[in-house]
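Reader: Before I rely on any label in this entry, I would like to see how each one follows from its cut-off. Could we go through them in turn?

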Amino acid sequence: MARDLPTESEAREILSRRRTRPMPRPAPPAGRTLAPFIKALDAKFGRGAGALEPRWREIVGDQLARVTRPQKLTKGRAGANGERMGGTLELRVAGPAALLVQHQSADILKRVNLFLGEGAVATLRIAQGPVKPLPAPAASTKGARRRIEPLDAAVEAELKQSVEGAPDALKAALANLGRAVLSDQAKGRGR
């Protein structure tokens with residue numbers, strides 16, 4: 001048997017008496033939840049030799065970076081008064097360069113401590129062996145030419161006509177500049 005639907009005023013009264021479920025709170029951001037855990041891991045293990053590898057060329061310079069690689073970073077132990085001692089950095093050094101590295105060890109330690117933090121490394125251990133070549137530094141885009149898309153014939157003709165009044169020495173440069181600007185504008189419109 002079909003039941004009559006409530007009127008609008010009855011529906012409002014029914015809905016006002018009913019309790020609704022509160023909106024669920026959104027989950028907290030993952031970064032806020034993980035931050036204490038990451039801080040504890042960093043305090044316990046710190047940054048290792050892996051943190052040095054990508055920036056090794058900047059830390060020690062090109063000449064030393066070609067013949068050395070950071071292998072292992074051992075964290076120092078706590079001393080008698082509870083103060084933590086500096087760690088030990090083990091470097092893989094190409095055989096003949098070991099003497100050069102040993103001679104420059106104080107400078108290398110200063111540079112590594114500048115990167116990792118004061119007192120992070122106290123001693124340097126040298127292990128002779130083959131050193132893989134450094135990856136080539138990223139090529140600079142300064143002065144590099146980019147490809148300019150060809151323009152439509154009508155636009156090219158209009159560009160030539162607009163630079164006709166310019167001095168002969170500037171015509172080619174203005175035409176190239178115009179092509180670059182019009183090409184960028186065409187890319188922006190999605191051609």
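Author: What follows is a set of questions and answers on a predicted model.

Reader: Why is Thr-88 called buried?

Author: Thr-88, which lies in strand E2 (residues 87-93), has a relative accessibility of 17%; since buried means under 20%, Thr-88 counts as buried.

Reader: What makes Glu-149 partly exposed?

Author: The relative accessibility of Glu-149 is 30%, and because the intermediate class covers what is neither under 20% nor over 50%, Glu-149 counts as partly exposed. This residue is found in the loop between strand E3 (121-128) and helix H8 (153-162), and its C-alpha atom is separated by 5.9 Å from that of Ser-183, although the two residues are 34 apart along the chain.

Reader: How do you know that a polar contact joins the side chains of Thr-88 and Thr-123?

Author: The separation is 2.8 Å, and the criterion asks for a pair of N or O atoms within 3.5 Å, one able to donate a hydrogen and the other to accept it, so the pair qualifies as a polar contact. Thr-123 also appears among the residues in contact with Thr-88 when neighbours within four places in sequence are left aside, together with Lys-72, Leu-73, Thr-74, Val-121 and Arg-125.

Reader: What makes E1 and E2 a pair of strands, and what makes E2 and E3 another?

Author: Pairing requires at least two bridges. Strand E1 (residues 68-74) is joined to E2 by six bridges, the two running antiparallel, whereas E2 and E3 run parallel and are joined by seven; each count satisfies the requirement, so both are pairs. Thr-74 stands opposite Thr-88 in E2, while Val-121 in E3 is the bridge partner of Gly-87.

Reader: Why is E2 described as largely enclosed by the rest of the structure?

Author: The description rests on the burial of its residues: six of the seven are buried, so E2 is largely enclosed.

Reader: What makes Trp-56 a member of a nonpolar core?

Author: A core of this kind is a set of buried residues of listed types, Trp among them, joined through side-chain atoms within 4.5 Å. Trp-56 is one of the residues with the most contacts inside the largest such core, which has 18 residues, and Leu-89, Leu-91 and Val-112 are also among them. The largest share of this core, four residues, comes from helix H7. Leaving out residues up to four places away in sequence, Trp-56 touches residues including Leu-89, Leu-91 and Val-112.

Definitions and conventions
Residues are numbered from 1 along each chain as its sequence is written. This is a predicted model: local features need pLDDT of at least 70, side-chain atom pairs count only at pLDDT 80 or more; totals for chains, interfaces and linings use all residues. Side-chain values use heavy atoms; hydrogens and water are left out. Buried means under 20% relative accessible area, exposed over 50%, partly exposed in between (1.4 Å probe, protein chains only). Contact means heavy atoms within 4.5 Å.
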